[in-house]
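Me: I have this one open on my screen and would like to go through it with you. Could we begin with the ligand and then turn to a sheet?

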Amino acid sequence: MAFSRRITNLKESGTLKVLDRVKELQARGVDIIQLDVGEPDMKTPQNIIEAAERALEAGFTHYTPTAGIPELRAAIALKLRSENRIEALPVNVIVTPGSKQALFYSIMALVDEGDEVLVPTPAWPSYMEMVTVSGGRAITVPSKDGFAIDIEGLKEAVSPRTRMIILNSPNNPSGHVSSPDEIRGVADLAADRGIMVLADEIYERLIYEGSHLSIGSLDGMADRVITVNGFSKAYAMTGWRLGYAAAPREVASAINKLQQHSASSPTSFVQKAALEALNPETPVQPMVEEFRRRREYICSALQEMGPFRFAKPAGAFYIFPDVTQTGMSGGELSALLLDGGVSTTPGESFGGFSDNIRISYANSMEKLMEATKRIRRALGEKKLI
Ligand code: PLP
């Protein structure tokens, strides 16, 4: 079969490849504790489930306006204004089936064949692949110590073809939360060189130290930033598929055009559920506290073992240790741990970090305890600790 160039150039998702392998092993009855997952294991809060049930019962099961139902667009705009200090109006907001779709539309709307997109790394692999599909080139710029964005490195990477910078704080896979200085550094560069910023803020609620600063809230950035967020991580709603982009009006129209000719609209009753999620009564804090507890546990356990080097992550639910002290690459260690019954993701997938692995602590405390036992055993058997 002759495939399009677009597909031929596209890499398979490294994270989903691990997941496929894990599912295959589990189907054969092998007991694997999954620390490769990128989703909260908690149940979606009850008030959200009930809002969806009410919408279904009321027959809210048809097409909606392509950009999303007006009341949800208004609620998202209000959230962005009050919590993020981003001057968004409903017309700036396009609701999409997952934030992944919002990122994809944004890149497709702005990046042309041959354009360059700067991606500070380590980074979620889909950014690079989305840029490839658009015909553009992802230029990766590795972070400095502690995973801070290398602003000087970004400056050096700018060329006349640079169209966009992708910013992801809190970061997947490192859990790094960018400081105000980093955010300002990116904003100044974007403004100086006339570059758009795509800010993926999907983990904004999951912060344990420091606080979140939206680049779209900085002076003069309103016309330069597309802010993407969604309901998957903050409300344990990964399977519901709902996200959004808040963009300058013309960009929002372009994004909406792409949605009109692909998804048509996000799912009707899920939009009603998302509206309920934004209700301040939705219990988000207990989930954040639970992740904080798990972070403390897993960080101490890994530190005690010895060969993992990492900065304690301030956000999201990942740790991205350097594993060179085991004498193995991230890929080798990940394979060893999988044989020992624990799945992790090799760092190679996140922009070539072959010395690292990503460990997700989005799993129950009980499973995390068992997983650390297994990791210790696997390393012990190889005399690595
Ligand atoms: N952005 C980042 C950094 C992610 O890690 C993920 C999911 O893992 C997404 C976006 C996609 O989220 P959604 O479920 O809203 O499509």
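Me: Which helix gives the largest share of the shell around the ligand?
Reply: In this predicted model, the largest share of that shell comes from helix α5, residues 99–110, which contributes three residues.

Me: And which residues come nearest?
Reply: The ligand has 14 residues around it, and of these S99, D200, S232, K233 and R241 come nearest.

Me: How does the shell divide into nonpolar, polar and charged?
Reply: Five of the shell residues are nonpolar, five are polar and four are charged.

Me: OK, polar contacts next. What is 2.8 Å from an oxygen atom of the ligand?
Reply: An N or O atom in the side chain of R241 lies at that distance from a ligand oxygen, and for the side chain of N172 the value is also 2.8 Å, again between an N or O atom and an oxygen of the ligand. With K100 the partner is a polar backbone atom, which is 3.0 Å from a ligand oxygen.

Me: How much of the ligand's accessible area does the protein cover?
Reply: On its own the ligand has 400 Å² of accessible area, of which the protein covers 92%.

Me: Switching to the sheet, what is the strand order?
Reply: The order is β9-β12-β11, in an open sheet of three strands with antiparallel pairing.

Me: Why is one side of β9 left without a neighbour?
Reply: β9 (318–319) stands at an edge and has a single partner strand, so one of its sides has no neighbour in the sheet, and the same holds for β11 (345–346).

Me: How many bridges join β9 to β12?
Reply: Two bridges join β9 to the antiparallel strand β12, residues 357–360, and Y318 stands opposite S360 in β12.

Note on methods:
Residues numbered from 1 in each chain as written. Predicted model: local features only at pLDDT ≥ 70, side-chain atom pairs only at ≥ 80, totals over all residues. Heavy atoms only, no water. Near = heavy atom within 4 Å. Polar contact = N/O pair within 3.5 Å; in protein donor to acceptor, adjacent residues only side chain to side chain. Areas by Shrake-Rupley, 256 points an atom, 1.4 Å probe, with all protein chains shown as cover. Helix = DSSP H or I, 4+ residues; strand = E, 2+ residues; numbered from the N terminus. Nonpolar A, V, L, I, M, F, W, Y, C, P; charged D, E, K, R; others polar. Pairing = 2+ DSSP bridges.
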